[in-house]
Amino acid sequence: MEIIYVYTRKRSEFGRPCSFSDRPAKVNVDIPPDPSMASDFVLRNPVDSYVQHTSDMSEHEVNTERVEVESRGVNHVEGGWPKDINPQEVEQTIRFRKKVEKDEHYINTITHLGTLMEHCVKQNNAINIYEEYFGEEEVAEVEDEPPSAKTINVISKLTSFFNVLLSKRDPNITKRTATHLSWHPDTCKKLAVAYSSLEFQQNTKDMSFDSYIWDLENPNKPELVLKPSSPLVSLEYNPKDSHVLVGGCYNGQMAYWDTRKGGLPVEVSTVEVSHRDPVYGAIWLQSKTGTECFSASTDGQVLWWDIRKLSEPTETLVLDVTRKGLLENALGAVTLEFEPTMPTKFMVGTEQGIVIACNRKAKTPSEKITSTYSGHHGPVYALARNPFCPKIFLTVGDWTARIWSEETKESSIMWTKYHLSYLTDGCWSTVRPAVFFTTRSDGTLDVWDFLFKQNNPSLSLKVCDEPLSSLRLQDNGCVVGCGSKLGTVTLLEISSGLCTLQRNEKTLATAMFERETKREKILEARHRELRLKERARSEAQETEVEEKPVESPHEVLNRARREFFEVIEVELQRRAQAETQCMRGKVPGTGRTQPQHSLPWGRGHGSASVFQVKDRAGEEAAAQGEESQLLKDKEEEEEEKDAA
């Protein structure tokens, strides 16, 4: 029992009351100067002094602890039995019922209660007492709330021991990247963070390999320190057993921990059978034993494991899109995606910007790679299926985030604008089908709501100054964790408008995705038709070229020589005709001078020019006209002689 003492007092009784009145000045103390102390002072003339008469102000921010309210109810099935009667014994209960039913008081009580019960049943049939009359207004209030986010916790790396005691800090001096986050599957009060330096040849000798499990309610130190043989790049809680975690190391090994057994790994895979590059993705599979998982790496392999036997992988897949199974042609995997509702299918995002869709249960290795999607200019850093529409998936790479449909292979159905900074990670909201999150290399977290706005994010928040590297959302969709390049993990609480399912939102989002998928299908069919026409046109041109006989170089030379001499022969004939006309000169008895025709090249002799022969047909016609004119002149001359 808590005892509380309460003291009350009137406000007017606090302190000494002030009484002000007008009165003349009065000297309380008069200290005369001491001449003997004058030698201790230095005269300064002039003397400037400044007085700032303002009160000092300070600003503080406090995040108050949220009060969690929980509604509980009791379903009363059966009770009221005496202590000496066991309700589980059928014979005892039947015997007791017969004894009570014979009592007259029992019959009168049942008759009276039956009337009241009948009245309540009729009233309930007429009016539903649980009906909500103001549900629409509550939804409207949620929609009107502006999108926002509040920082509730920061897990960062500081070297000061004093700061380590004040907050959840990583005590390592060397800055490492928070490469992966994983929330506790049962309670959202714990967060597992994998720390590793992914920069090439930047690992120092004193760099720690440790990763941590943080308890959000204990700000003093990590709850558990995981000590792998190589820095962890990926780390995941087992959804069926919250004490077990699996991690992928920087050197390609796989390891798993049991938190009940301490921070050392229970078992680690051997180097010979592990990946050859860092393990960027490790996901638990839906199995009866809850011990199966699979991993992917930039070495181009996907390996399946059973943590009960990590001595060798149970299955291997080479990510060779040519379907030849050659490791040298394989594409490096950067991210993995697995949807439990589709246990045989999974997807891999590669360094080359290609998303590979796979089917584990295919008969041959070449059939396991079912399709590919290409749309990014760089590595695909995030890949996630929509929890409400599994055929729709999100990819994050280069400067954009893209939404794809399994039915359209050639292009995405929706995408964001090109940002000025690189995108590093992304995920869907677990409660709203059209909301997803992305992180950028300038330290900004973007929250997109494609149902209401597609050009710009609904909320853009500057989380930190360094690049953000990882992102993970709680299952309730209200708290998101962001890891940075310098190892700072910031936990943000999203406003209720972004984590509350709106009216008919699922139907509207599904219709939007289907509409965009249909549009892309129409565009793909049109592009396919244009490509077929272009291919048919090119094939027809190739056929024409093939039908035309191909001349040898010797035949081409002979044909050119023959055409050249033909042109020379025609030109020589024309020049001979022109010279004949010039020799005739002036015709006697007419008084007219025969028109002179100069050769087009300005000389009477010389080689013929091909360009000067172009108009020879017109010149020949002119020469024929002159000859006819000469004949007419001769006839007139003869007539004049006859007349004389």
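**Entry 1: strands 20 and 21.** I looked up how strand 20 meets strand 21 in this predicted model, and I found 2 bridges joining them. Strand 21 covers residues 414-415, and the two strands run antiparallel. I then asked which residue of strand 21 is the bridge partner of I403. The partner is M414.

**Entry 2: strands 19 and 20.** I turned next to strand 19, which spans residues 392-397. Strand 19 pairs with strand 20 over 6 bridges, again in the antiparallel sense. Here I403 of strand 20 stands opposite L394. I noted that I403 therefore has a place in both pairings: L394 faces it in one, and M414 is its bridge partner in the other.

**Entry 3: the surroundings of strand 20.** Is strand 20 buried or exposed? I checked residues 400-405 and found that 6 of the 6 are buried, so the strand is largely enclosed by the rest of the structure. I recalled that side chains in a regular strand alternate between the two faces of the sheet. I therefore examined each side of strand 20 separately, and both faces are covered. On one side T400, R402 and W404 are buried, and on the other A401, I403 and S405 are buried as well.

**Entry 4: the turn at D398.** Strands 19 and 20 form a hairpin, with 2 residues between them. D398 is found in this loop. I recorded a positive phi of about 40 degrees for D398, although the residue is not a glycine. I also asked whether D398 is buried or exposed. Its relative accessibility is 1%; since buried means under 20%, D398 counts as buried.

**Entry 5: N504.** I looked up another residue other than glycine with a positive phi, and N504 has a value near 60 degrees. N504 lies in the loop between strand 28 (489-494) and helix 6 (505-547). With a relative accessible area of 52%, N504 is exposed, because the cut-off for exposed is over 50%. I set the two residues side by side in my notes: D398 is buried, whereas N504 is exposed.

**Entry 6: D258.** My last search concerned D258, which lies in strand 8 (residues 254-258). D258 has a relative accessible area of 8% and is buried. I asked which side chain is joined to that of D258 by a polar contact of 3.0 Å. The side chain belongs to R260. Leaving aside neighbours within four places in sequence, I found D258 in contact with H243 and V266.

Notes: Residues are numbered from 1 along each chain as its sequence is written. This is a predicted model: local features need pLDDT of at least 70, side-chain atom pairs count only at pLDDT 80 or more; totals for chains, interfaces and linings use all residues. Side-chain values use heavy atoms; hydrogens and water are left out. Buried means under 20% relative accessible area, exposed over 50%, partly exposed in between (1.4 Å probe, protein chains only). Helices (H or I, at least four residues) and strands (E, at least two) are DSSP runs, numbered from the N terminus. Two strands pair if DSSP finds at least two bridges between them. A polar contact is a pair of N or O atoms within 3.5 Å; within protein, one must be able to donate a hydrogen and the other to accept it, and residues adjacent in sequence count only if both atoms are side-chain atoms. Contact means heavy atoms within 4.5 Å.
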